[in-house]
Amino acid sequence: MAILVLAEHDNDSLKPSTLHTVTAAKKIEEKIGEAEVHVLVMGEKVEAVAKASAHIDGVSKVFLADAPHLAAQTAEALALQTGQHLNASNYSHILAPATTFGKNLAPRIAAQLDVPQVSGISMILDAHTFVRPIYAGNALATVQCEARGVVVLTVLSTSFDAAGTTDTSAAIEPVNKVVPDTSGVRLVGRQLSSSEKIELTSARVVVSGGRGLQKAENFKLLEDLAAKLHAAVGASRAAVDAGYVPNDYQVGQTGKIVAPDLYIAVGISGAIQHLAGMRDSKVIVAINKDPDAPIFQIADYGLVGDALAILPQLTEQL
Amino acid sequence: MKILVPIKRVVDYTVKVRVKPDGSGVDLNNVKMSMNPFDEIGVEEAIRLKERGIASEVVVVSLGSGACQETIRTALAMGADRGVLVETDLELQPLGIARLLKALVLKEQPQLVILGKQAIDDDSNQTGQMLAGLLNWPQGTFASKLEIADGRATVTREVDGGLETLELPLPAVITTDLRLNEPRYTTLPNIMKAKRRPLDVLQVADLPAEAVPSIKTLKVQPPQPRKPGIRVSSVEELVRKLREEAKVI
Ligand SMILES: Cc1cc2nc3c(=O)[nH]c(=O)nc-3n(C[C@H](O)[C@H](O)[C@H](O)COP(=O)(O)OP(=O)(O)OC[C@H]3O[C@@H](n4cnc5c(N)ncnc54)[C@H](O)[C@@H]3O)c2cc1C
């Protein structure tokens, strides 16, 4: 038996979310014993990604599906290809990161196998029993899958450490067949944030701004602070909706989930949907002019005042 | 072109739910229920496509108890043409719902199914993708923009790195993200009109699909509370605390 991890990558490099997912796979492996962790890399010209996957600690084999029609990584093409690979091998579990990549792909695979999926697991109790947050993290459900069939999971990166890398490389094998995609889906284009930006979900420090910053230009104050702290910049939904920052900054129930060592929330009221994305941060700082803002209830350090005055002072004193 | 919009009745997004002391679930007694916000966005998008002359009929479907009729009436008051309730007291899970929806799709023959990307109660984010997988239809998930022309849907998707635009041949499944549109409010005259729109009630047994839940919830617990924090009175104090006490900078 083996456990399959679907690698997230951009055809050039492996995303850190894959490393966190491998750790979850290894936890399952420990529970069942005598299992191997395999990684499936699907894309075009993805040799470097396959090599990086083969150097992840705990991975015993990497399968590679490399073809032009996989370049866009559409759910349709990847689900078909994964299905083909599953036919050829014997897997007990399929894991993907709970990122937009995994969320888009994994349920399609599960449906094609006619098995359920457990989304966004935060803990592994045994090979079929998992904990996952529900209701925007206001409750934690312990759920159990039936023992029959493959178990399909998506994994919260914040709940599992990144797997390390090794000098020795696992074997890399091409998949036994590359299946064509007949869905007719075409990638028109992508508008991606600069890759130099510090990635929100893996940053040690995150500074987030909300509607309280009042306009897009004021995010500059937050960026100055972030630069000083080597922090990633995040935002509330209200700040994204107002057009202060792009959608990929959104932290929360329906955006990104982060758990940095330090999270600084500036001009954010603390709606449950926002807390869902940052409540597991180690240290939370809230800066808000309203002393009764709910964000203060989960902040370790609260500072009441005008963010526009406080931000430059804070940046200067660090 | 017919559009099918599945909608779910969920705890209102403003409610902070409480876990029951016996760990069997969350307390839903006397809690305000509403249409899942993402589904509301789906209903709005379908109605706008009809207003633009692209869609001819908007059918909303909800699966669950009789109380879902209220949710369906809300969608009808927004402007949907017709409602279907698949009535059941079974606990429904995404795979079961996707199977039932597939049966309905085969019956209703829509060209487009628009679902919310996730329900804000169980936060699964699965049903749309599963339905697409079962039907073997293309999927445009987490949509923040949708255009339909010449038998194709052009979908801008919110992804972790930014935005991605895909072109899908119809029929297709779309799931909505928050910025696709701002749903309209219902007005009293429209609520009155909605009362006369057709709402068919089916039983699960009427559909050729299995919806028995296959994932068991063993228990539900509240999250670990955070230890209480403190107020600092100045930027200086904040910096000192972060350096000397929290040691995070
Ligand atoms: C289905 C659904 C999903 C959602 N998902 C998310 C999500 O993923 N992430 C998310 O963040 N939200 C989400 N929301 C929205 C959420 O409910 C809140 O509306 C949102 O988080 C509010 O953002 P905010 O705190 O920036 O704005 P507001 O609630 O308007 O708060 C602004 C704050 O700024 C303070 N302020 C104003 N001026 C200043 C100043 N000069 N200095 C300091 N403080 C100031 C105010 O006191 C206030 O507390 C979702 C909502 C729904 C319905």
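**Exercise 1. Charges over rings**

Determine which ring the charged end of Lys117(B) sits over.

*Solution.* The charged end of Lys117(B) lies over the ring of Phe142(B), at 5.8 Å from its centre. A charge sits over a ring if NZ of Lys or CZ of Arg is within 6 Å of the ring centre and within 35 degrees of the ring normal. The charged end of Arg231(B) likewise sits over the ring of Phe296(A), 4.1 Å from its centre.

The model is predicted: local features need pLDDT of at least 70, side-chain atom pairs count only at pLDDT 80 or more, and totals for chains, interfaces and linings use all residues. Residues are numbered from 1 along each chain as its sequence is written, chains are lettered from A and ligands numbered from 1 in the order in which they are written, and side-chain values use heavy atoms, with hydrogens and water left out.

**Exercise 2. The aromatic pair**

Classify the pair formed by the rings of Phe219(A) and Tyr244(A), and locate both residues.

*Solution.* Step 1: a search of the whole structure gives 1 aromatic pair over all chains. The centres of the rings of Phe219(A) and Tyr244(A) are 6.2 Å apart and the planes stand at 55°, so the pair is tilted. Rings of Phe, Tyr and Trp (its six-membered ring) pair if their centres lie within 6.5 Å; planes under 30 degrees apart count as stacked, over 60 as edge-to-face and the rest as tilted.

Step 2: the pair links distant parts of the chain, 25 residues apart. Phe219(A) belongs to helix α5 (residues 219-229) of chain A, and Tyr244(A) to the loop between α6 (237-241) and β14 (262-266) of chain A. Helices (H or I, at least four residues) and strands (E, at least two) are DSSP runs, numbered from the N terminus.

Step 3: Phe219(A) counts as buried because its relative accessibility is 2%, and Tyr244(A) is buried at a relative accessible area of 15%. Buried means under 20% relative accessible area, exposed over 50%, and partly exposed in between (1.4 Å probe, protein chains only).

**Exercise 3. The ligand site**

Describe the surroundings of the ligand and its polar neighbours.

*Solution.* Step 1: the ligand is surrounded by 30 residues, the closest being Arg211(A), Ser236(A), Val251(A), Ser269(A) and Asn288(A). A residue is near a molecule if one of its heavy atoms lies within 4 Å of it. The surrounding residues come from chains A and B, so the site is shared between chains.

Step 2: a nitrogen atom of the ligand is 2.8 Å from an N or O atom in the side chain of Thr254(A). An oxygen atom of the ligand is 3.4 Å from a polar backbone atom of Gly255(A), and a polar side-chain atom of Asn288(A) lies 2.7 Å from an oxygen atom of the ligand.

Step 3: the elements giving two or more residues to the shell are α6 and α7 (272-275) of chain A, together with α1 (37-51) of chain B.

**Exercise 4. Ile264(A)**

State whether Ile264(A) is buried or exposed, and where it lies.

*Solution.* Step 1: Ile264(A) is found in strand β14 of chain A. Step 2: Ile264(A) is buried, with a relative accessible area of 2%. Step 3: the C-alpha atoms of Ile264(A) and Val205(A) are separated by 8.1 Å, although the two residues are 59 residues apart along the chain.

**Exercise 5. Chain B**

Give the number of helices and strands in chain B.

*Solution.* Chain B has 6 helices and 13 strands. Of the 249 residues in chain B, 56% are buried. Asn125(B), in the loop between β6 (112-116) and α4 (127-135) of chain B, is buried, with a relative accessible area of 5%.

How values were computed
Polar contact = N/O pair within 3.5 Å; in protein donor to acceptor, adjacent residues only side chain to side chain.
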